[in-house]
Amino acid sequence: MSSNTRPRGLDGVVAAQTRLSHVDGQAGELIIGGYQLRELAGHVTFEEAAHLLWRGALPSKDELATLRKEIAGLRPLPEEALHVVRAAAQAPPIDALRMACATLSLDLAQPDEISPGADMQAAKMLTARFPTVVAAHARLSAGQAPIAPRTDLPLAANFLYMMHGKEPDPIAARAIDSYWVTVIDHGMNASTFTARVIASTRSDLVSAVTGAIGALKGPLHGGAPGPVLDMLKDIRSADRAEGWVRNELAAGRRIMGFGHRVYKVRDPRAEVLSKVADQLSSAALENRKLFDLARAAEQTIVKVLDEVKPGRNLRTNVEFFTALVLQALGLEPRSFVATFACGRVAGWCAHVIEQHAEDHLIRPQSEYVGPRGLKVD
Ligand code: ACO
């Protein structure tokens, strides 16, 4: 293949077969474990969606009760992890999560084992503890003491409890649960690919997930929802949106929350999360105003992007409404990416389990474009 025909950034290259999720960028569809996203989001809990990915089917009532109990029991952090979270109190939350995640293998009986049973145990442990890490870090960075997890609440409701110190109302608890179901898995995105590359070397699940967090951190992947709120603050009112977006594009800047490598229509996750944000924002006038501004700005931005970047089909992506959902839940923008990771971790783990079963090293090649034949004087 010549360098002219080689896809940049592996665009369009199939890197693995998976039964976990499928992204159809032209139809704007996301299939998770056989279900359309709209079938799952708002209809199953995060624990049920995790079971679907890890076991290949939604759980029976008994299976769900068992999984819930296991995950609830794994929520408290070992002292070593809490120590790292404290030391990283002033670091960005996603960095603190990466550091804490790496310590969690200390708590596994056989951290290097990659059998299906060992992987499943590590998957439950990471999925149980990510929200505890993110909530503890948010409180420590604000000078507050971390709140110990409760075992009687679902994972999502317990996350808000640990963040805010009080049991969330049912709409808020449902919102974060739907958010995590919505972002649980998404084909061969950069962080999932990273996890699979690491797992393909027969490295362990905790190492693979730690690497995935590093890939998620970048603004081109998971780092956009914070900047989306900044953008809306800057735009201030719907009538200023057009001038604002034209200015940004003229300055060569990207509009956060728009565009996607695969979707050439509106991201189906944006559709689901726009409804969640709509429901949540009914409770507070401030949030309602922000939601109305976002909907109006969205239309203007898409229109201007079509005009200035014709043929690129730049549409709203998941991050745009993620920003509205998470801020309506009282989370700080700096915690947004780490909160995304609390949902995506279940998908990363499922991919690692799948990759370990595949047991084939992922090892692409590069095209050397440097000089040759140099001599040392
Ligand atoms: N605003 C303005 N222009 C854009 C945007 C945007 N958000 N996205 C793409 N473009 C333009 C590029 O400037 C480029 O224009 P050109 O060909 O005239 O130079 C063209 O569209 C194609 O851009 P690529 O970088 O090749 O597109 P790619 O598929 O690699 O980008 C990405 C996808 C990274 C998400 C991009 O759309 C972007 O930067 N968006 C803003 C950041 C963002 O929202 N990130 C979250 C993504 S969702 C997720 O990962 C969970």
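# Briefing: a cavity, ring pairs, a hairpin and an enclosed helix

The largest cavity in this structure has a volume of about 40 Å³. Please keep in mind that the model is predicted. Below you will find the cavity first, then the aromatic contacts, and finally the hairpin and helix α2.

**The cavity**

- Counting cavities of 30 Å³ or more gives one.
- Three elements each give two or more residues to the lining of the largest cavity: α13 (268-281), α14 (285-308) and α15 (318-328).
- The largest share of that lining, four residues, belongs to α15.
- The lining is made up of A277, L280, S281, N287, L290, F291, L324, V325, Q327 and A328.
- Sorted by character, seven of the lining residues are nonpolar and three are polar, with no charged residue.

**Aromatic pairs and a charge over a ring**

- The model holds five aromatic pairs.
- One of them joins F159 and W180, with ring centres 5.3 Å apart; the planes stand at 45°, so this pair is tilted.
- F159 belongs to helix α7 (residues 155-164) and W180 to helix α8 (residues 170-182), so their contact ties together parts that are 21 residues apart in sequence.
- How buried or exposed is F159? Its relative accessibility is 0%, and because buried means under 20%, F159 counts as buried.
- W180 is buried as well, with a relative accessible area of 0%.
- F320 and F321 make an edge-to-face pair, 5.0 Å from centre to centre and with 90° between the planes.
- Both F320 and F321 are buried.
- Which residues do ring pairs link into a cluster? They are F258, F291, F320 and F321.
- F291 from this cluster is also one of the residues lining the largest cavity.
- R150 places its charged end over the ring of Y161, 5.0 Å from the ring centre.

**The β1-β2 hairpin**

- Strands β1 (residues 21-24) and β2 (residues 29-32) are antiparallel partners, paired over four bridges.
- Across the pairing, V23 is opposite L30 of β2.
- S21 and V23 form the covered face of β1, while H22 and D24 form the uncovered one.
- Four residues separate the two strands of the hairpin, and in the turn G28 has a positive phi of about 70°.

**Helix α2**

- Why is helix α2 (residues 46-55) described as largely enclosed by the rest of the structure? Nine of its ten residues are buried, so the description follows.
- The buried residues in α2 are F46, E47, E48, A49, A50, H51, L52, L53 and W54.
- After α2 comes G56, which has a positive phi near 90°.

Note on methods. Residues are numbered from 1 along each chain as its sequence is written. This is a predicted model: local features need pLDDT of at least 70, side-chain atom pairs count only at pLDDT 80 or more; totals for chains, interfaces and linings use all residues. Side-chain values use heavy atoms; hydrogens and water are left out. Buried means under 20% relative accessible area, exposed over 50%, partly exposed in between (1.4 Å probe, protein chains only). Two strands pair if DSSP finds at least two bridges between them. On a 1 Å grid over the protein atoms alone, a cavity is a set of points where a 1.4 Å probe fits but cannot get out, and a pocket is an open set with protein on both sides within 12 Å along at least five of seven lines; lining residues have an atom within 4 Å of a point. Grid points are joined across faces, edges and corners, and a volume is the space filled by probe spheres set on the points. Ala, Val, Leu, Ile, Met, Phe, Trp, Tyr, Cys and Pro count as nonpolar, Asp, Glu, Lys and Arg as charged, and the others, Gly among them, as polar. Rings of Phe, Tyr and Trp (its six-membered ring) pair if their centres lie within 6.5 Å; planes under 30 degrees apart count as stacked, over 60 as edge-to-face and the rest as tilted. A charge sits over a ring if NZ of Lys or CZ of Arg is within 6 Å of the ring centre and within 35 degrees of the ring normal.
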